[in-house]
Amino acid sequence: MASHAIEIRNLYKIFGARGADHVEAVRAGMSKTELNATHNHVLGLKDINISMPAGGVMVVMGLSGSGKSTLIRHINRLIEPTSGEVLYDGVDICRMSELDLREFRRHKTAMVFQKFALLPHRTILENTCYGLEIQGVPGMERRRRAMEWIERVGLSGFENRYPNQLSGGMQQRVGLARALTNDAEILLMDEAYSALDPLIRVDMQTVLLDLQKELKKTVVFITHDLDEALRLGDKIAILRDGEVIQQGSGQDIVQYPADAYIAAFVKEVNRGRVLRVETVMTPLSGPVEGPAIPAGTVLEAAARDLSSAGASVAHVVDPAGLPLGRLDLHALVGAMVTESTEAREAAA
Ligand SMILES: Nc1ncnc2c1ncn2[C@@H]1O[C@H](COP(=O)(O)OP(=O)(O)O)[C@@H](O)[C@H]1O
Ligand SMILES: [Mg+2]
C-alpha cells in the first residue's frame with residue numbers, strides 16, 4: 001500500500017482570543033453552541049483524525065460552516081491549529097520554521113480557488129506561469145511549461161486572451177493549469193467547482209479525473225455535493241459542526257451510512273450509477289457462468305450487460321480476466337433500488 005502523504009492527528013481549532021483554554025472542555029463534550037454561548041468562542045474543528053492517501057483524491061464534504069475550509073487551510077498552514085498535528089511525510093507542518101514553510105507552500109502545494117483568483121490584466125499564459133515567475137524560473141522555460149498545461153486542460157489557442165474573455169468553466173481550467181504548472185505534489189481545491197453550472201462542473205470533474213490517472217497528485221478536494229464527492233473521492237470524510245462523522249470509500253458511505261444525518265444525504269444518490277459490482281458479488285462456487293463483467297463496473301451498466309446477454313448470472317473479473325465473484329441479476333437489481341438494512345436502521 002502507498003504511504004499516507006498527509007496525516008491529520010487530533011486536530012482542534014477553536015476561534016477566539018483564548019482558544020487553547022477551551023480545548024479540554026470541548027474534548028470533554030462541550031458542544032459548538034454551548035462554547036459559543038458561554039465563552040464566545042467558535043468551535044472550528046474537533047479532534048480531526050484523517051489519513052489522506054498519497055497519490056489519491058481525498059474529499060472533505062459537509063454543509064456550509066461545517067469546517068471544511070478551516071481544515072484545508074491547516075494543510076498549508078494558512079490557519080494555525082489550537083492543538084494537534086498535520087503531518088506530511090512525517091513532518092509536522094504546524095511546527096515548520098518560516099523558511100521550511102515557505103518552501104513547502106511554494107514547491108509542494110498548489111491551490112485552486114472557487115473564484116479562480118486570476119489576475120485580470122494578465123493573459124491566460126501569464127496567469128498560468130505566475131507561480132514559476134515567483135519561483136524565479138527563466139521566461140522561456142516557464143512559458144514552455146505553462147503552455148504544456150494550457151494544452152492539457154483544453155485551452156490551446158486561448159493563451160493570449162484575458163480572464164474576462166473566458167467563461168467560468170474556462171477560467172477554472174486556467175486555475176487548474178496554473179496549479180499544475182507549479183508541479184506541486186499536493187493540490188488543494190476548496191469548493192473549486194461549486195460556482196460552476198452543473199454540466200460544466202461535471203466536465204471539470206472529468207478533466208481532473210483524466211489528469212489524475214496519470215499525475216497521481218495528492219488532492220484534497222472540498223465540496224458540499226455528495227455526487228461530486230462520490231465521483232471524485234478515493235476516500236471521503238464527512239464533517240458536521242467541526243467533527244468527522246464518517247470517513248471511508250464512497251461505496252462504504254453509500255452502503256453503510258454511519259447515522260441518520262448521512263443516510264438522509266445518501267437516500268438521494270443514484271445507487272445504480274455509484275455502487276460497483278464488487279459490493280454486490282458473492283464468492284464463486286462451481287464453474288463461472290454468464291458474461292464477464294470487469295470489476296469497477298457500476299450496477300446500472302452491469303444490469304444492462306446482463307440484460308443484453310439475456311443472462312441472469314454473470315461473473316466479475318479483474319483486469320487480467322481472472323474471475324473474482326458471482327453476480328446475480330436479482331441481487332444486483334435489489335441493490336440498485338433498496339438501501340441496505342444497515343442504512344435503514346441508521347435512518348430509523
Ligand atoms: N476566522 C474565524 N473566526 C471565527 N470563526 C471562524 C473563522 N473562520 C471560520 N470560522 C467559523 O468556523 C466554522 C467553520 O467555518 P468554515 O471552515 O469556513 O466552514 P466551511 O468551509 O465548511 O463552510 C464556522 O462556524 C465559521 O463561522
Ligand atoms: Mg468553505
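This report walks through a predicted model, from its ligand site to its helices and salt bridges.

## The ligand site

Start with ligand 1. The residues around ligand 1 are Phe15, Lys32, Val42, Leu63, Ser64, Gly65, Ser66, Gly67, Lys68, Ser69 and Thr70. Helix α3 gives the most to this shell, with three residues.

Three side chains place a polar atom close to an oxygen atom of the ligand. The table lists them.

| Side chain | Partner | Distance |
|---|---|---|
| Lys32 | oxygen atom of ligand 1 | 2.9 Å |
| Lys68 | oxygen atom of ligand 1 | 2.8 Å |
| Thr70 | oxygen atom of ligand 1 | 2.5 Å |

How much of ligand 1 does the protein bury? Taken alone, ligand 1 exposes 560 Å². The protein buries 62% of that.

## Helix α3

Look next at α3 itself. This helix covers residues 68-75, and six of its eight residues are buried, so the rest of the structure largely encloses it. Which residues of α3 are buried? They are Lys68, Thr70, Leu71, Ile72, His74 and Ile75. Two of these names are familiar from the ligand site: Lys68 and Thr70. Just after the helix comes Arg77, with a positive phi of about 55°.

## Thr128 and Tyr130

Now move along the chain to helix α5, residues 124-128, where Thr128 lies. Is Thr128 buried or exposed? Its relative accessibility is 0%, so Thr128 counts as buried. A polar atom of the Thr128 side chain lies 2.7 Å from the backbone oxygen of Ile124. Thr128 also has contacts beyond its neighbours within four places in sequence. Those partners are Ala146, Ile150, Val174, Ala177, Arg178 and Thr181.

Tyr130 lies in helix α6, residues 130-134. Its relative accessible area is 33%, so Tyr130 is partly exposed. Tyr130 forms a nonpolar surface patch with Leu119 and Ile134. Together they have about 240 Å² of accessible area.

## Salt bridges

Side chains of opposite charge can pair when their charged atoms come close. In this model, the count comes to 17 salt bridges.

Helix α7, residues 139-152, holds both Arg144 and Glu141. Their side chains meet in a salt bridge, with N and O 3.4 Å apart. Glu141 also meets Arg145 in a salt bridge, at 3.6 Å from N to O. How many residues separate the partners? Arg144 and Glu141 are three residues apart, about one turn of the helix. Glu141 and Arg145 are four residues apart, again about one turn. Why does this spacing suit a pair? An α-helix has 3.6 residues a turn, so residues three or four places apart point the same way.

These residues belong to a wider group. Glu141, Arg144, Arg145 and Glu148 are linked in a network of salt bridges. Two members can be placed by accessibility. Arg144 has a relative accessible area of 46%, so it is partly exposed. Glu141, at 28%, also counts as partly exposed.

Another salt bridge joins Glu300 and Arg273, whose closest N and O atoms are 3.1 Å apart. Glu300 lies in helix α14 (residues 299-309) and Arg273 in helix α13 (residues 271-274), so the pair ties together parts that are 27 residues apart in sequence. Glu300 is partly exposed, at 22% relative accessibility. Arg273 is exposed, with a relative accessible area of 54%.

## A buried glutamate

The last stop is Glu228, in helix α10, residues 226-232. Its relative accessible area is 1%, so Glu228 is buried. What does Glu228 touch, not counting residues up to four places away in sequence? Its partners are Tyr193, Arg201, Gln205, Phe221 and Thr223. With the side chain of Thr223, the side chain of Glu228 makes a polar contact of 2.8 Å. Gln205 is 23 residues from Glu228 along the chain, and their C-alpha atoms are separated by 7.8 Å.

Definitions and conventions. Residues numbered from 1 in each chain as written. Chains lettered and ligands numbered in written order. Predicted model: local features only at pLDDT ≥ 70, side-chain atom pairs only at ≥ 80, totals over all residues. Heavy atoms only, no water. Buried < 20%, exposed > 50% of the residue type's maximum accessible area, 1.4 Å probe, protein only. Helix = DSSP H or I, 4+ residues; strand = E, 2+ residues; numbered from the N terminus. Polar contact = N/O pair within 3.5 Å; in protein donor to acceptor, adjacent residues only side chain to side chain. Contact = heavy atoms within 4.5 Å. Patch = residues over 30% accessible without salt bridge, like charges linked within 9 Å, V, L, I, M, F, W, Y side chains within 5 Å. Areas by Shrake-Rupley, 256 points an atom, 1.4 Å probe, with all protein chains shown as cover. Salt bridge = Lys/Arg side-chain N within 4 Å of Asp/Glu carboxyl O. Near = heavy atom within 4 Å.
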